[in-house]
Amino acid sequence: MNAGIVVVGAGQAGFQLAASLREGGFADPITLVGDEAALPYQRPPLSKAYLAGKTDQEGLFLRPPGFFAEHAITHRPGLRAVAIERADHRLQLSDGGSLPYDHLVLATGARNRPLPVPGADLEGVRQLRGLVDADALKADIAAARSVVVVGAGFIGLEFAAVAAARGLAVTVIEAAERPMARAVSAEMGDFFREAQEALGVRFVFGAGVTAISGRDGRATGVALADGRELPADLVLVGIGVLPNRDLAAEADLPAADGVQVDAFLGTPDPAISAIGDCARFPTPFARGLNADGTVRIESVQNAIDQGRCLAARLVGKPAAYGALPWFWSDQGPHKLQIAGLSGPGDDSVVRGSGDAFSVFRFREGRLSAVESVDRAGDHMIARRLLAAGTPLAPDQAADLGFDLKALALRRP
């Protein structure tokens, strides 16, 4: 009997691969190994709808429990993969057992970057990555009065908006000089700073955290490098993530900043592939961003598209991965949507004004990304323009009289 495909990681990427394999007619065994106890679920709602009580755990599941039996997908929850025996095509597990494989897929995701200061292990200091984290935060929010968020990235700001809506005093500490500095333009960062402040959120920029103070084992405040201390009975740390690359690295696969894969999502070992948050891959949309043209993307879109792409290769229909990256973030009443990949040196052109506008980014004279707030039409047009590589001049992007939709629909 064939060993089939073993997938390490039962998140969005791993689940999508398994589902797409069955959709593509793959008949051999499929095993999903996941280190969480829950069924595969969506992570984006954790910082928004789930914390706000607008959905429950069942509403997060990617498929109901019966799906896995119906599609002959074996889900092994609560297990960690601890070693890959490449020569024997065998995966060692945390319970002492092992699984043989014909093809192994690493969909190990990423983990939160720890805050390396004294007091980071106090009760009331939280991070948000999985369902267990979200449940702990739910309980903490119910008893909290003052909240400090360390990091003004997507997760930190989404949580800040939810906490402010509950009437809590929220302060966001950010080492950079504006929110989401690595992800969006200065224009978009400034807009969301003002939008969050309108919700009651206070910002402290250019600040470093030196310690979390506490009493009786529980956090009571956050100490800053300039000597200030901010009171807090709940601290959320959101300072980025690290790819779960150790399993690959210990198996002598290239994995400096994520598991390195080729355009077909394969590693140098033909029996091992990698997808999702843990994978670093080449893409034409990274042109000019770095020397080698590879990126590692943490997004639902990327996880889903890579799962589908790899499934197609594994059923005999190989194609290079070339999906356009796109992202979103819901913060209070506003939705931010991003298409493409921008860099800090990209030029910016604003289209529209007020509370609904888009920022078109250009690198080396070419459209690189479009950031839209509450302009879903611009976002969809941008995805078409970027995917097709349609030329667009900065003055055309800024001109509200220029018909972007007609340009996007124009046949090449």
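The legends below describe close-up views of a predicted model.

**View 1. Strands E13, E14 and E15 form an open sheet of three strands.**
The order across the sheet is E13-E14-E15, and the pairing is antiparallel. Strand E13 covers residues 209-215 and strand E15 covers residues 229-231; each has a single partner strand, so one side of each is left without a neighbour in the sheet. These two strands therefore stand at the edges. On average, and ignoring direction, neighbouring strands of this sheet are turned by 30° against each other. Strands of a sheet pair through backbone hydrogen bonds, and the pairing is either parallel or antiparallel.

**View 2. Strand E14 pairs with strand E15.**
Strand E14 is made up of residues 218-224. Three bridges connect E14 to E15, in the antiparallel sense. To find one such position, look for Ala223: the bridge partner of Ala223 in E15 is Glu229.

**View 3. Glu123, Arg126, Asp140 and Arg218 are linked in a network of salt bridges.**
Side chains of opposite charge can pair when their charged atoms come close. The structure as a whole holds 21 salt bridges. In the network, the side chains of Arg126 and Asp140 meet in a salt bridge with an N to O distance of 2.6 Å. This pair links distant parts of the chain, 14 residues apart: Arg126 is in strand E9 (residues 125-126), and Asp140 is in helix H4 (residues 131-143). Is Asp140 buried or exposed? Asp140 counts as buried because its relative accessibility is 9%, and the limit for buried is under 20%.

**View 4. Asp140 also meets Arg218 in a salt bridge.**
Here the N to O distance between the two side chains is 3.4 Å. Arg218 belongs to strand E14 and Asp140 to helix H4, so this salt bridge ties together parts that are 78 residues apart in sequence. Arg218 has a relative accessible area of 30% and is therefore partly exposed.

**View 5. The side chains of Asp246 and Arg245 meet in a salt bridge.**
The distance from N to O is 3.5 Å. How exposed is Asp246? Asp246 is partly exposed, with a relative accessible area of 37%. Arg245 is also partly exposed, at 27%.

**View 6. Strand E20 pairs with strand E18 and with strand E21.**
Strand E18 (residues 259-260) and strand E20 (residues 279-282) run parallel and are joined by two bridges. Gln260 has Arg280 in E20 as its bridge partner. The pairing of E20 with strand E21 (residues 294-295) is antiparallel and also has two bridges. In this pairing, Phe281 stands opposite Val295 in E21.

**View 7. Arg361 is a buried residue in strand E25.**
The strand runs over residues 356-363. Arg361 counts as buried because its relative accessibility is 4%. What lies 3.2 Å from a polar atom of the side chain of Arg361? The backbone oxygen of Asp346 does. The side chain of Arg361 is also joined to the side chain of Glu371 by a polar contact of 3.0 Å. Leaving aside neighbours within four places in sequence, residues in contact with Arg361 include Val184, Ser185, Ser342, Gly343 and Asp347. Arg366, Leu367, Ser368 and Ala369 are also among them.

Note on methods:
Residues numbered from 1 in each chain as written. Predicted model: local features only at pLDDT ≥ 70, side-chain atom pairs only at ≥ 80, totals over all residues. Heavy atoms only, no water. Pairing = 2+ DSSP bridges. Helix = DSSP H or I, 4+ residues; strand = E, 2+ residues; numbered from the N terminus. Axes fitted to C-alpha atoms, helices over the stretch in contact; angles between N-to-C directions. Salt bridge = Lys/Arg side-chain N within 4 Å of Asp/Glu carboxyl O. Buried < 20%, exposed > 50% of the residue type's maximum accessible area, 1.4 Å probe, protein only. Polar contact = N/O pair within 3.5 Å; in protein donor to acceptor, adjacent residues only side chain to side chain. Contact = heavy atoms within 4.5 Å.
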